[in-house]
Amino acid sequence: MSGKNILLCVSGGIAVYKACALTSKLVQSGFNVKVIMSESAIKFVSPLTFQALSRNEVYTDTFIENNPKVIAHIDVADWADLIIVAPATANMIGKLANGIADDMISTTMLAATAPVWIAPAMNVHMYNHPAVQKNINTLFNFGYRFIEPGEGYLACGYVGKGRLEEPEAIVELIISHFGPQFLPFKGKNILITAGPTKEKIDPVRYLTNHSSGKMGYAFAEEAVKMGANVILVSGADHLPVPNGVTFIKIESADDMYNAVMKYFPDVDVVIKSAAVADYRPSQVSDKKVKKKDGNLMIEFERTKDILQELGKNKKHQFLVGFAAETHDMEQFALQKLERKNLDMVVANNVLESGAGFSGDTNIVTIFHKDHSIKKLPLLSKHETAKEILGEILTKIGDLK
Ligand code: PMT
């Protein structure tokens with residue numbers, strides 16, 4: 001249910017700056033946002049601003065076709081679940097009312113079948129002009145809906161009706177349009193572990209693994225978008241902390257154990273995507289170990305198996321483990337499912353190209369406790385996380 005697609009069409013008026021805030025708030029609320037800007041909108045704000053905020057390409061010209069496999073204005077029209085024109089200028093409203101298709105916004109709008117909401121913003125006299133009112137009426141009769149402009153101080157110096165509605169209010173309208181099921185994890189607590197652990201040898205050396213944390217952070221970001229309260233326990237060093245999570249930075253497997261155990265009783269779902277050390281040096285030297293001729297022998301001892309411990313203690317929690325394998329993936333994954341008392345195990349063959357450590361993609365197979373299996377193709381780690389969260393929802397009736 002996450003990731004409804006909002007197409008934001010930005011035409012040129014001073015209120016373009018509010019459309020930036022609208023884009024950001026929509027993304028933070030879990031929507032996928034694509035933006036089309038008119039030529040005059042670009043005179044107020046650069047497309048790069050909207051690209052950075054929406055994390056998507058911004059469309060400005062009907063004849064710039066970056067993907068030869070599709071026709072951009074048809075593709076983006078089909079993609080949208082809802083189209084918002086904000087700010088909508090008198091000129092854009094006039095074009096839409098009269099079926100003119102002479103730029104990317106007006107052309108896309110003729111191809112679109114999704115609901116369209118128009119948020120006008122202009123000078124009060126322009127808004128009240130009979131031509132603009134007639135065009136608004138025509139669009140209303142086409143089935144377009146309007147987000148009424150507010151009254152107040154206008155950029156032109158007048159006080160009156162014509163201010164673009166506040167971005168927060170527009171986002172609330174959009175969320176209520178899609179209904180409460182849009183946030184399927186609302187009110188639920190999800191504990192996610194990410195990244196590697198570091199096991200000290202001495203003050204300058206440690207043992208670690210190749211995990212970047214990308215898989216776990218993708219879970220955290222997607223779960224926040226789906227309304228969850230997310231606790232992210234992470235050993236990753238180089239990723240920005242996702243918005244809206246409770247973040248706990250750890251180093252060793254022992255630190256992770258303590259953090260996870262602290263939150264475990266109060267969470268509904270645990271996703272253990274971290275790559276945790278199975279062994280650590282039995283002795284940690286408090287001084288740098290000086291090099292000598294010959295080999296160095298280090299004795300290792302087992303760390304606590306956090307996931308196994310969670311499996312032993314779980315009550316209401318839905319427990320998802322990962323299995324990073326290089327061979328016999330299915331066999332080892334099913335053994336982990338049983339031995340650690342999991343509800344689901346997500347297996348990846350870390351030798352497969354496009355899967356596993358560090359990259360932006362993964363290829364996983366999901367094994368459920370009820371023996372059903374779902375293989376996912378090569379997907380971005382975000383798409384993989386969304387699919388897995390969707391699978392969790394299908395298995396947890398009371399979270400729906
Ligand atoms: O971080 P990225 O670069 O994006 O890479 C993603 C990933 C490859 C790390 C991820 O997809 C993945 O496979 N994570 C699990 C890595 C791992 O430690 O797998 P494992 O098969 O060794 O462990 C099985 C499960 O037990 C894991 O859920 C692990 O978190 C857990 N475990 C392991 C050891 C231990 N002492 N305690 C644990 O809880």
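**View 1. S46 in the loop between α2 and α3.** In this predicted model, S46 belongs to the loop that runs between α2 (39-42) and α3 (47-54). With a relative accessibility of 36%, S46 is classed as partly exposed, because that class covers values between 20% and 50%. The side chain of S46 reaches the backbone nitrogen of L48 at 2.9 Å. P68 provides a second point of reference: 22 residues separate S46 and P68 along the chain, and their C-alpha atoms are 25 Å apart.

**View 2. E391 in helix α14.** Helix α14 spans residues 381-395 and contains E391. The relative accessibility of E391 is 12%, so this residue counts as buried, the limit for that class being under 20%. A polar contact of 3.3 Å links the side chain of E391 to the side chain of K374.

**View 3. The ligand in its pocket.** The ligand occupies the largest pocket. Its surroundings comprise 29 residues, of which S211, S212, K336, N348 and S358 are the closest. Sorted by class, the shell around the ligand holds 11 nonpolar, 10 polar and 8 charged residues.

**View 4. Secondary-structure elements that contribute to the shell around the ligand.** At least two residues of the shell come from each of α10 (214-225), α12 (306-313) and β17 (318-325). Which element supplies the largest share of the shell? That share, 4 residues, belongs to β17.

**View 5. Polar atoms of the protein and the ligand.** Both backbone and side-chain atoms of the protein are shown with the ligand atoms they approach. A polar backbone atom of G213 lies 2.8 Å from an oxygen atom of the ligand. In the case of A277, a backbone N or O atom is found 3.4 Å from a nitrogen atom of the ligand. K340 takes part through its side chain, with an N or O atom 3.1 Å from an oxygen atom of the ligand. How much of the ligand's area does the protein bury? The ligand taken alone exposes 770 Å², and 96% of that area is buried by the protein.

Terms used: Residues are numbered from 1 along each chain as its sequence is written. This is a predicted model: local features need pLDDT of at least 70, side-chain atom pairs count only at pLDDT 80 or more; totals for chains, interfaces and linings use all residues. Side-chain values use heavy atoms; hydrogens and water are left out. A residue is near a molecule or strand if one of its heavy atoms lies within 4 Å of it. A polar contact is a pair of N or O atoms within 3.5 Å; within protein, one must be able to donate a hydrogen and the other to accept it, and residues adjacent in sequence count only if both atoms are side-chain atoms. Accessible areas come from the Shrake-Rupley method with a 1.4 Å probe; for residues, only the protein chains shown count as cover. On a 1 Å grid over the protein atoms alone, a cavity is a set of points where a 1.4 Å probe fits but cannot get out, and a pocket is an open set with protein on both sides within 12 Å along at least five of seven lines; lining residues have an atom within 4 Å of a point. A molecule sits in a cavity or pocket if more than half of its atoms lie within 2 Å of its grid points. Ala, Val, Leu, Ile, Met, Phe, Trp, Tyr, Cys and Pro count as nonpolar, Asp, Glu, Lys and Arg as charged, and the others, Gly among them, as polar. Buried means under 20% relative accessible area, exposed over 50%, partly exposed in between (1.4 Å probe, protein chains only).
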